[in-house]
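Me: I have a new model open and I'd like to learn how to read it. Could you walk me through some side chains and the ligand?

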Amino acid sequence: MIKVLFVCLGNICRSPTAHGVLERKLAMAGLSDVVEVDSAGTAAWHVGKEPDLRSQQAARKRDYDLSHFRARQAIADDFSEFDYVLAMDDSNLENLKAIVPSGAIKTEPQLFLQTFSTPNLKAKGLTEVPDPYYGEKDGFEEVLDMVEEACDQLILDIRSKL
Ligand code: 4NP
């Protein structure tokens, strides 16, 4: 199994969106049996909660179901459990680096949009998925647009490892 963990701050907007998008794209690619997906937050504020309703609604319009996800906090053991630990923004990445354990790990945390960029994302200078929590409704659509694009790149990388 190849294991992918998406990480944001609260685990109720961006990382569950990426979780739902990647799961469905993997199903469409026939890769559900070989890749496992999860998501987590660096903060514990929303542990046990379902994704933000605005994220769920925006995702549902594109046929992604996020309703069964429940927030959890990222932990040191995630770095020995997952093959990819993908942060949504620079501060998430810094927070993750602070909990990387000193022993053997499978992966260092990486910035999702930067590692799995595209010519379009590069042209727009996008390396982070911006936090939509306090912003306008458009922010949730933008999260989906960026995440969909980078997930396609991630799937290419996963395929190259199979
Ligand atoms: P997320 O968004 O990190 O994409 O889940 C946020 C969710 C909650 C908060 C901030 C960001 N908050 O401050 O509670």
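Reply: Happy to. Keep in mind that this is a predicted model. Let's start with a charge over a ring: Arg54 lies over the face of Tyr133, and the distance to the ring centre is 5.4 Å.

Me: Which residue lies over the face of Phe82?

Reply: That one is Lys3, at 5.1 Å from the ring centre.

Me: Back to Tyr133. What ring does Tyr133 pair with, and how are the two arranged?

Reply: For ring pairs, look at the distance between centres and the angle between planes; planes over 60 degrees apart count as edge-to-face. Tyr133 pairs with Tyr134, with 4.8 Å from centre to centre and 85° between the planes, so this pair is edge-to-face.

Me: How exposed are Tyr133 and Tyr134?

Reply: Between 20% and 50% relative accessible area a residue counts as partly exposed, and over 50% as exposed. Tyr133 has 26%, so it is partly exposed, while Tyr134 has 77% and is exposed.

Me: How many aromatic pairs does the structure hold?

Reply: Four. One of them joins Phe6 and Phe112, edge-to-face, with centres 5.1 Å apart and planes at 70°.

Me: Where in the chain do Phe6 and Phe112 lie?

Reply: Phe6 is in strand β1 (residues 2-8), and Phe112 is in helix α5 (residues 112-115). The pair therefore ties together parts that are 106 residues apart in sequence.

Me: Are those two rings buried or exposed?

Reply: Under 20% relative accessible area means buried. Phe6 has 0%, so it is buried, and Phe112 is buried with 0% too. Phe6 and Phe112 also belong to one aromatic cluster with Tyr84 and Phe116.

Me: Now the ligand. Which residues are around the ligand?

Reply: Here you look for residues with a heavy atom within 4 Å. Among them are Cys8, Asn11, Trp45, His46 and Asp131, and you'll meet Tyr133 and Tyr134 again here. By class, this shell has seven nonpolar, three polar and two charged residues.

Me: Which side chains have an N or O atom by an oxygen atom of the ligand?

Reply: For polar contacts, check for N or O atoms within 3.5 Å of each other. The side chain of Asp131 has one 3.3 Å from a ligand oxygen, and the side chain of Tyr134 has one at 3.2 Å. Asn11 uses a backbone N or O atom instead, 3.3 Å from a ligand oxygen.

Me: How much of the ligand's accessible area does the protein cover?

Reply: On its own the ligand has 350 Å² of accessible area, and the protein covers 93% of that.

Note on methods:
Residues numbered from 1 in each chain as written. Predicted model: local features only at pLDDT ≥ 70, side-chain atom pairs only at ≥ 80, totals over all residues. Heavy atoms only, no water. Phe/Tyr/Trp six-rings, centres within 6.5 Å; stacked < 30°, edge-to-face > 60°. Helix = DSSP H or I, 4+ residues; strand = E, 2+ residues; numbered from the N terminus. Buried < 20%, exposed > 50% of the residue type's maximum accessible area, 1.4 Å probe, protein only. Lys NZ or Arg CZ within 6 Å of the ring centre and 35° of its normal. Polar contact = N/O pair within 3.5 Å; in protein donor to acceptor, adjacent residues only side chain to side chain. Areas by Shrake-Rupley, 256 points an atom, 1.4 Å probe, with all protein chains shown as cover. Nonpolar A, V, L, I, M, F, W, Y, C, P; charged D, E, K, R; others polar.
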